[in-house]
Amino acid sequence: ETTDLTQRIRSQDKTINVMTDNDVDQVHPDSNGGFVMGYFFAKNAKLADGSAANSSVVASVNIDAASNTLGEIVNAEAELINASADSITYKYRPNALPMPVSSEYKYAEDTLGLPVTEDLNKELITVTGLSDGNYKIMIDGVDLTKTYTADELASGVNIATDKNNPGQISALASYEEICNKATIENYYRWIAQRFAAFMVYYPGAFTYDDLKAAIETKWANNETRKENELVALNEYFGKTTLSEYNIYKQKPNQQEGWDLITGYAAAAKELAKPTEHTVVIAPVQE
């Protein structure tokens, strides 16, 4: 599917980055490419699991205002406090957060045309029996950004991507911690990768001076490669203005880095825990 997507997009515009950053290389997926692969994996995994009917649903609540009753609840807990023809109040605890609307999410939808929200990211509220008019949804006292007609609520509205949805807020915060964790891990990946390359290309050279001399000798007839290798050498030994390599370049700092990694992971898990909310649906005051 990723190949089909790439071919389709590039047949329309060869300048658009699909899976890779064309200015870097066309082999390694960038963050947008990683998101696209994750989207296809999640979509197909749910379908393969036989849950096609609810494959896009994060959580769902159905309420009948006319009879003051709860209907079907999907992947959530709900307690109806009050339901009438013009007002709804209930407690709500989803078992999962919506997918965070990151820059990669927006790129997949807006630039690549992938229906991420439709396929994977629906947090639905359905209310039948309301009087005609426009309604706002408040969660924990905060209005969501959109208002809805009674007919729209009767058909079901998706609040997953609303920036004022506390689930979306928590999801984005958790995602940020995951990205922080990945950044630190990538520093160590770079260090290990560079060390391995030094051992392959310059066996027996371990100190900065020895490696520098080996690089200058090996690439004496390739100025570009030599300069690139010297830049990498300086980064590896912290002889650079790139602060991340100054911080993480040596073994004594490994515990500090690991503490950061585990700290970011713990923060992401904590932010992703389900919490209970109070939801109020009320008429918009004109």
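Why does Ser-11 count as exposed or buried? In this predicted model, Ser-11 counts as exposed because its relative accessibility is 60%, where exposed means over 50%, buried under 20% and partly exposed in between, with a 1.4 Å probe and protein chains only. Ser-11 has its place in helix 1 (residues 2-12), helices being DSSP runs of H or I with at least four residues and strands runs of E with at least two, numbered from the N terminus. A polar atom of the Ser-11 side chain lies 2.6 Å from the backbone oxygen of Arg-8.

Residues are numbered from 1 along each chain as its sequence is written. Local features need pLDDT of at least 70 and side-chain atom pairs count only at pLDDT 80 or more, whereas totals for chains, interfaces and linings use all residues, and side-chain values use heavy atoms, with hydrogens and water left out.

The largest nonpolar core, a set of buried Ala, Val, Leu, Ile, Met, Phe, Trp, Tyr and Cys residues joined through side-chain atoms within 4.5 Å, has 24 residues, of which Ile-88, Tyr-90, Val-127, Ile-137, Leu-153 and Ile-281 touch the most other members. At least two residues of this core are supplied by each of several elements, including strand 1 (57-64), strand 4 (87-94), helix 5 (150-155) and strand 9 (277-283). Leaving aside residues up to four places away in sequence, Tyr-90 touches, among others, Val-61, Ile-63, Leu-80, His-277 and Ile-281, contact meaning heavy atoms within 4.5 Å. A second, separate core of 17 residues includes Trp-190, Phe-198, Tyr-202 and Ala-205.

Key. A polar contact is a pair of N or O atoms within 3.5 Å; within protein, one must be able to donate a hydrogen and the other to accept it, and residues adjacent in sequence count only if both atoms are side-chain atoms.
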